[in-house]
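Colleague: I am new to reading models like this one. Please take me through it one question at a time.

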Amino acid sequence: MDKRWWKEAVVYQIYPRSFMDSNGDGIGDLKGITSRLDYLKYLGIDVIWLSPVYQSPNDDNGYDISDYQAIMDEFGSMEDFDEMLSEAHKRGIRIVMDLVVNHTSDEHKWFVESRKSKENPYRDYYIWREGKESGKAPNNWGACFGGSAWEYDKETEMYYLHMFSKKQPDLNWDNPKVRQEVFDMMTWWCEKGIDGFRMDVISMISKTKEMPDGEVHDFYGDANPYCVNGPNVHAYLQEMNEKVLSKYDIMTVGETPGVTTELAKQYAGENGHELNMVFQFEHVESDGKYGKWTDEKVSLIRLKKTMSRWQTELYGKAWNSLFWDNHDQPRAVSRFGDDRPGYREVSAKMLATCLHMMQGTPYIYQGEELGMTNYPFQNMEEFRDIESINAYNEWCGSGLLSHQIFWPCLAGKSRDNARTPVQWDDSENAGFSTGTPWIAVNPNYKEINAKAETADTGSVFHYYKKLIALRKQNPVIVYGKYELLLEDSEELFVYTRALDEKKLLVVCSFSDEEEKFTIPDEFIGASCIISNRDNVYGSGRIALQPYEAFVLMKE
Ligand code: GLC
Ligand code: CA
């Protein structure tokens, strides 16, 4: 397995709108990020993944881009960007940009032109189809944010495809001009000195030529078999690699919904023809009761099976990302841990141990290092996210589900849980803004905030800091071989990592009760490199406290 800097790095994701507001308008911005680089340096991370900062009408908070080479007014200017980049570099922190090129905003100049006439030079930049018969979309596909995936445009009396909102028309990657435009834009950013790209829904850029109706689930037909891992996706990524990526020492991560371990070997194989790593969702997908919406906890057995399969099948062949949450997921501690008082900190540390001792590049989502929790939503007015609002209207508005049934599913899984402002201190608005934040601050900020946690060496923050440092000191964490133990335990997640003479034993209890565990003979006398409880791990059978986690290292 080749050694690479991006395999050894720890990434921190910033969702700029909610990170730090520097000018009191209630919206996080670039100057705000620059002002907190020392905090990130202290935490010890190597790379920032910056969610989109480009010009955007914000139908989907920046994931709908109207100009790829300009900064969103609310976030600042290109000068602010350059300053942030150079200040990050001074601290040895790299910046990876979000690249959203499956679609643009409908306000992007390409689309403004495209919709004008069938003869327009930009017409073929997007995916246009005739309706079936008057008033009917070309097929039954549903969009990820609800409704049909087709929008009728009266100017030319045709429909365009949008896999997300109708303000996010899909680009036509089969058009070589589109690919060249994207590659030129990427080159422009690379020349500016950025350090890589996180590629938004990159597994969706190639669609099948035929677009038949999909199997109907819930409301609409399933487009995935025709749009995810499509026929030319690998050819296009290889072309991108050849024309852009291979020319720079950058990190590339593909957000690849629907990827399998087999396909990951193509997207992110050791041979390096496409991307460095995939960012896949199998372990965070639950069998939603209603589409992705559910209030059920994922079973630990299932979680272990999925994560272990990715660990073993990619070993030596491809590279994966490690994460519990991001801007599209609920907060890790609320979902996989236990956010009740008395359990929150210890379970947040346990989850961190479980993830950070695995193989792959770890991603920390802003606030996760503080053990930030889900937001206690009370009513629909508190939501900002287009996906959450549309889902409520679709499921409850149609009368299919009652408010009472759908509410816990929505409140528990909404992306807005991750988007409340970072809790910096116990002052008003958690120190995020002196104005009115664009989305409510979690009321628990007086207790959970960066100021308190950086001052307390027993905090979740300091635990993350230690995990990051351990990865730097111990190549076995990066390159060691993984093996799952106690496969059938419904409470304990236990595995080993081995590289040359070194071996790690990682023990994590997902239980809120005491659990018994026997230290395997080969680890008797091994040293404990990290633990979230004051326990001694000598030998024999031990009693694990709720959510206890520890790592033993044998030299
Ligand atoms: C990705 C992003 C998500 C966005 C969607 C459409 O999944 O992570 O936030 O809404 O793509 O761009
Ligand atoms: Ca601001």
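Colleague: Leaving aside its neighbours within four places in sequence, which residues is Val-182 in contact with?
Modeller: Two notes first: this is a predicted model, where local features need pLDDT of at least 70 and side-chain atom pairs count only at pLDDT 80 or more, while totals for chains, interfaces and linings use all residues. Residues are numbered from 1 along each chain as its sequence is written, chains are lettered from A and ligands numbered from 1 in the order in which they are written, and side-chain values use heavy atoms, with hydrogens and water left out. Contact means heavy atoms within 4.5 Å. With neighbours within four places set aside, the partners of Val-182 are Val-101 and Trp-173.

Colleague: Is Val-182 buried or exposed?
Modeller: Val-182 sits in helix H6, residues 176–192 (helices are DSSP runs of H or I with at least four residues, strands are runs of E with at least two, and both are numbered from the N terminus). Buried means under 20% relative accessible area, exposed over 50%, and partly exposed in between, with a 1.4 Å probe and protein chains only. Val-182 has 1% relative accessibility, so it counts as buried.

Colleague: How many Å separate the C-alpha atoms of Val-182 and Pro-408?
Modeller: These two residues are 226 residues apart along the chain. In space, their C-alpha atoms are separated by 41 Å.

Colleague: What is the relative accessible area of Arg-331?
Modeller: Arg-331 belongs to the loop between strand E14 (321–322) and helix H11 (332–335). Not counting residues up to four places away in sequence, Arg-331 touches many partners, including Asp-325, Glu-368, Asn-374 and Thr-420. Arg-331 is buried, because its relative accessible area is 0%.

Colleague: Where is Ser-347 found?
Modeller: Ser-347 has 0% relative accessibility, so it counts as buried. Beyond residues up to four places away in sequence, Ser-347 touches Val-333, Gly-337, Asp-338 and Tyr-547. Ser-347 itself lies within residues 344–356, which form helix H12.

Colleague: Which residues does Met-380 touch, not counting residues up to four places away in sequence?
Modeller: Met-380 is placed in the loop between strand E15 (361–365) and helix H13 (386–395). Its relative accessibility is 18%, so Met-380 counts as buried. The C-alpha atoms of Met-380 and Asn-442 are 16 Å apart, with their places 62 residues apart along the chain. The residues that Met-380 touches are Ser-388, Ile-389, Tyr-392, Trp-407 and Leu-410.

Colleague: About how many degrees is the positive phi of Asn-58?
Modeller: Asn-58 lies in the loop between strand E3 (54–55) and strand E4 (67–71), and with 18% relative accessibility it counts as buried. Asn-61 is in the loop between E3 and E4, and it has a positive phi of about 45 degrees although it is not a glycine. Asn-58 is not a glycine either, yet its positive phi is about 65 degrees.

Colleague: Which residues coordinate the calcium ion (ligand 2)?
Modeller: Donors are N, O and S atoms within 2.8 Å of the metal (3.2 Å for Na, K and Ca), and sites may look incomplete because water is not among the atoms. Along the chain, the donors of the calcium ion (ligand 2) follow the spacing D-x1-N-x1-D-x1-I-x1-D. At 2.2 to 2.3 Å, the calcium ion (ligand 2) is coordinated by Asp-21 (OD), Asn-23 (OD1), Asp-25 (OD), Ile-27 (O) and Asp-29 (OD).

Colleague: Is Ile-27 buried or exposed?
Modeller: Asp-25 is partly exposed, with a relative accessible area of 36%. Ile-27 has 10% relative accessibility, so it counts as buried.

Colleague: What is the radius of gyration of the protein chain?
Modeller: The protein chain holds 17 helices and 22 strands, and its C-alpha trace spans about 75 × 50 × 50 Å along its principal axes. The radius of gyration is taken over C-alpha atoms, and the globule rule is 2.2 Å times the number of residues to the power 0.38. For 555 residues, a compact globule would have a value near 24 Å, which agrees with that of the protein chain, 23 Å.

Colleague: What share of the residues in the protein chain is buried?
Modeller: Among contacts between residues at least 6 apart in sequence, 71% join residues at least 24 apart. Of the 555 residues in the protein chain, the buried share is 60%.
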